[in-house]
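Visitor: Please take me through one part of this structure in detail. I would like to see the sheet and the helices that go with it.

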Amino acid sequence: IRSCAAECKICIQTAFTWRHKVLNAFKVHQDNLAMNGKIEADETLFRVSFKGNRIKGSFKNRKRLPGMSNNLPRESFKRGSDNRSKSPYDKACVFCMVKNGNEMYCAEVPGVGFMKPNMLDATLAKHVIKDDSIVIADQYKVTWNYLQKNGYEHVILAGNTMKDSRYHKPEIKGEYHLQHVNAMHHHIRDFIKNYCGVSTKYLPNYVALYTWLKN
């Protein structure tokens with residue numbers, strides 16, 4: 001942001017505001033995506049970040065929204081400490097969908113933790129055309145039950161077919177697999193790393209930027 005502000009001869013706060021206005025446009029664009037055909041669907045989890053949530057310093061003219069608190073919901077992590085929480089509720093869920101191999105990409109951030117029915121309403125039901133799609137998913141029970149209950153044509157694949165848990169080999173049924181969406185998980189993580197720590201409140205916008213570039 002600093003280099004952009006210097007080049008455009010604007011202040012850093014203006015550059016920051018402009019960046020998020022542009023990112024929000026990508027999010028609005030993605031909200032209108034509709035997918036059909038073979039849809040690979042699966043979620044991945046990102047650690048929750050409260051970066052930028054606390055107003056600090058002595059900027060007396062900086063306005064605070066009504067009801068906004070300076071307190072965070074947990075203690076801040078210290079540099080060098082192990083902050084890799086094993087709880088899914090300390091992680092933001094990114095639900096990814098890939099159409100017909102690599103034809104179209106879509107990803108949403110519906111909440112924290114593993115997928116729940118209301119989160120599937122805000123992602124899968126929002127973007128997938130039910131009558132013209134086959135949804136390929138793993139054996140996660142909530143997703144499986146949701147697809148059956150709502151009448152989606154679907155194929156369920158095992159996450160690992162190896163008896164030895166040290167080895168990993170996802171199930172493949174003929175032309176149905178989850179290799180493209182699993183690759184998307186890897187690529188989206190590498191993409192987010194380039195921004196050196198994205199706050200969870202802005203994660204949906206950066207995810208939308210990734211899918212716009214891929215599409």
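Guide: Let us begin with one residue. At 4% relative accessibility, Thr143 counts as buried, because buried means under 20% relative accessible area. Thr143 sits in helix H5. Leaving aside neighbours within four places in sequence, Thr143 is in contact with Met115, Leu120 and Ala137. Keep in mind that this is a predicted model.

Now take Trp144. Trp144 is in helix H5 too. Trp144 is partly exposed, with a relative accessible area of 34%. Not counting residues up to four places away in sequence, Trp144 touches Gln139, His154 and Ile156. Look at His154 in particular. Trp144 and His154 lie 10 residues apart in sequence. In space, their C-alpha atoms are 8.6 Å apart.

What does helix H5 link? The chain leaves E4, passes through helix H5 (residues 141-149) and arrives at E5. This β-α-β crossover is right-handed. E4 and E5 pair in the parallel sense, over four bridges. One pair to find is Val135 and His154: Val135 stands opposite His154 in E5.

Val135 also leads us to the other side of E4. The bridge partner of Ile39 in E4 is Val135. Five bridges join E1 to strand E4 (residues 128-137). E1 and E4 run parallel.

Now step back to the whole sheet. Five strands form an open sheet, in the order E3-E2-E1-E4-E5. The pairing is mixed. The edge strands are E3 (104-112) and E5 (153-156), and each pairs on one side only. From one strand to the next, the twist averages 25°.

Walk to the E3 edge. Strand E2 (residues 91-99) is joined to E3 by seven bridges. E2 and E3 run antiparallel. Two pairs show the match. Lys99 stands opposite Met104 in E3. Val98 has Tyr105 as its bridge partner in E3. E2 and E3 form a hairpin, with four residues between them. In the turn, Asn100 has a positive phi of about 45°.

Next come the helices against the sheet. Helix H6 (residues 179-193) lies across strand E1 (35-47), E2 and E3. H6 runs at about 45° to E1. Helix H7 (residues 203-214) packs on the sheet and touches E1, E2 and E3. The direction of H7 makes about 170° with that of E3.

Stay with H7. At 1.5 Å a residue, its 12 residues should span 16 Å. The end C-alpha atoms of H7 are 17 Å apart, which agrees. How enclosed is H7 by the rest of the structure? Nine of the 12 residues of H7 are buried, so this helix is largely enclosed. The buried residues are Leu203, Pro204, Asn205, Tyr206, Val207, Ala208, Leu209, Tyr210 and Thr211. They pack against H2, E1, E2, E3 and H6.

That brings us to H2. Helix H2 (residues 12-31) has 20 residues. From its first C-alpha to its last, H2 reaches 29 Å. That is close to the 28 Å expected at 1.5 Å a residue. The buried residues of H2 are Ala15, His20, Leu23, Phe26, Lys27 and Gln30. Why are they on the same side of H2? They cover an arc of only 125° around the axis, which puts them on that one side. There they pack against helix H1 (2-8), E3, helix H4 (124-127) and H7.

Finish with one residue of that buried set. Gln30 is found in helix H2. Gln30 is buried, with a relative accessible area of 1%. Setting aside neighbours within four places in sequence, Gln30 is in contact with Cys106, Ala107, Glu108, His127, Ala208 and Thr211. Match some of these names to what you have seen. Ala208 and Thr211 are among the buried residues of H7. H7, in turn, packs on the sheet. So trace the route on screen: begin at Gln30 in H2, go to Ala208, one of its contacts, and then follow H7 to E1, E2 and E3.

Notes. Residues numbered from 1 in each chain as written. Predicted model: local features only at pLDDT ≥ 70, side-chain atom pairs only at ≥ 80, totals over all residues. Heavy atoms only, no water. Pairing = 2+ DSSP bridges. Helix = DSSP H or I, 4+ residues; strand = E, 2+ residues; numbered from the N terminus. Axes fitted to C-alpha atoms, helices over the stretch in contact; angles between N-to-C directions. Contact = heavy atoms within 4.5 Å. Expected span 1.5 Å × (residues − 1). Buried < 20%, exposed > 50% of the residue type's maximum accessible area, 1.4 Å probe, protein only. Arc of directions from axis to C-beta. Right-handed = clockwise from strand over helix to strand, strands pointing away.
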